[in-house]
Amino acid sequence: MSIKGGKFAGKGETVASHYAFGPLEDDIIIKHRLLTRTTTTRGEPPLKKLQKKFTTFALEIEKEADNYIDCERLAKAFLQELNTFEIPLLKSKAVIDANVREKENFNDLKGEINQQIVQAQADIEDLKRQLEESKVERKHKEEAEAIRKLIAMQPPRSETQRVITELEKEIAMLEAENTASSRTLDLRKKQFALLLHVVDELQNTIEEEQSLVEEVRNVVDDHNKSGVGGSTVGPEAMAVD
């Protein structure tokens with residue numbers, strides 16, 4: 001295991017040693033390759049090759065010798081190299097156009113998504129409002145149901161009316177009894193007052209009679225003490241008694 005690990009570490013060190021440039025240098029190289037249409041680090045760049053072909057063709061044309069065939073050959077080579085250089089450009093232009101269209105589509109899609117987000121937020125607010133209204137409506141229904149149950153627990157109206165009528169009759173009877181009792185009480189008060197008056201009159205009469213009897217007795221006793229007409233006094237005294 002240690003040997004394999006050492007080999008793997010050695011390979012890693014070997015691979016790492018191939019990176020001769022840092023990130024900054026890599027960015028510069030990639031930008032240069034894109035500008036010069038260079039795909040590898042080896043060989044001449046396409047633009048430089050095209051420049052050489054054009055320079056060779058131009059120098060051949062400037063010669064005064066009879067070199068029509070060479071000029072035609074160099075012209076074909078230049079055009080072929082130009083066509084070879086133009087194909088990646090067309091590809092790049094197609095890629096750029098596709099990217100532009102993709103960006104426009106992305107912007108359109110982004111706008112649609114934003115509209116959908118706004119609409120979804122409006123729908124959420126509307127649903128929240130509907131939810132609150134539903135809660136209030138449900139609360140009202142529950143209260144109405146509770147009131148309905150409370151009403152259902154009460155007796156029917158006819159029964160209530162019958163009970164009210166009976167209570168009114170009982171109240172009328174109690175009021176009549178109260179009136180009769182009041183009248184009876186007033187009569188009893190008057191009778192009692194009359195009775196007290198009679199008793200008072202009788203008591204006065206008795207007191208007067210007792211006083212009169214006492215006076216008669218005193219008179220008789222005084223007469224008896226005087227000793228005059230003893231035999232005739234007894235019947236008069238008896239008559240007085």
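In this predicted model, Glu159 is partly exposed, with a relative accessible area of 31%. Its partner is Arg162, and the two side chains meet in a salt bridge of 2.1 Å, N to O. Arg162 is likewise partly exposed, at 38% relative accessible area. The two residues are 3 apart in helix H5, which places them about one helical turn from each other.

Salt bridges that share partners join Asp126, Arg129 and Glu133 into one network. The structure holds 9 salt bridges, including those in the table.

| Salt bridge | Closest N and O atoms |
|---|---|
| Asp126 and Arg129 | 2.4 Å |
| Glu142 and Arg138 | 3.4 Å |
| Arg162 and Glu159 | 2.1 Å |

Asp126 and Arg129 both lie in helix H4, 3 residues apart. Asp126 is partly exposed at 29% relative accessibility, and Arg129 is partly exposed at 43%. Helix H4 also contains Glu142 and Arg138, which are 4 residues apart, about one turn of the helix. Glu142 is partly exposed at 45%, whereas Arg138 counts as exposed at 59%.

A search of the whole structure finds 1 aromatic pair. Phe54 and Phe78 form this pair, which is tilted, with 5.3 Å from centre to centre and 50° between the planes. Phe54 belongs to helix H3 (residues 46–62) and Phe78 to helix H4 (residues 68–153), so the pair ties together parts that are 24 residues apart in sequence. Phe54 is partly exposed, with a relative accessible area of 45%, while Phe78 counts as buried at 15%.

Phe192, Leu195, Leu196 and Val199 make a nonpolar surface patch of about 390 Å². Within this patch, Leu195 is located in helix H5 (residues 157–226) and is partly exposed, at 48% relative accessible area.

Definitions and conventions. Residues are numbered from 1 along each chain as its sequence is written. This is a predicted model: local features need pLDDT of at least 70, side-chain atom pairs count only at pLDDT 80 or more; totals for chains, interfaces and linings use all residues. Side-chain values use heavy atoms; hydrogens and water are left out. Patches are made of residues with over 30% relative accessible area and no salt bridge: like charges are joined within 9 Å, nonpolar side chains (Val, Leu, Ile, Met, Phe, Trp, Tyr) within 5 Å. Accessible areas come from the Shrake-Rupley method with a 1.4 Å probe; for residues, only the protein chains shown count as cover. A salt bridge is a side-chain nitrogen of Lys or Arg within 4 Å of a carboxyl oxygen of Asp or Glu. Buried means under 20% relative accessible area, exposed over 50%, partly exposed in between (1.4 Å probe, protein chains only). Rings of Phe, Tyr and Trp (its six-membered ring) pair if their centres lie within 6.5 Å; planes under 30 degrees apart count as stacked, over 60 as edge-to-face and the rest as tilted.
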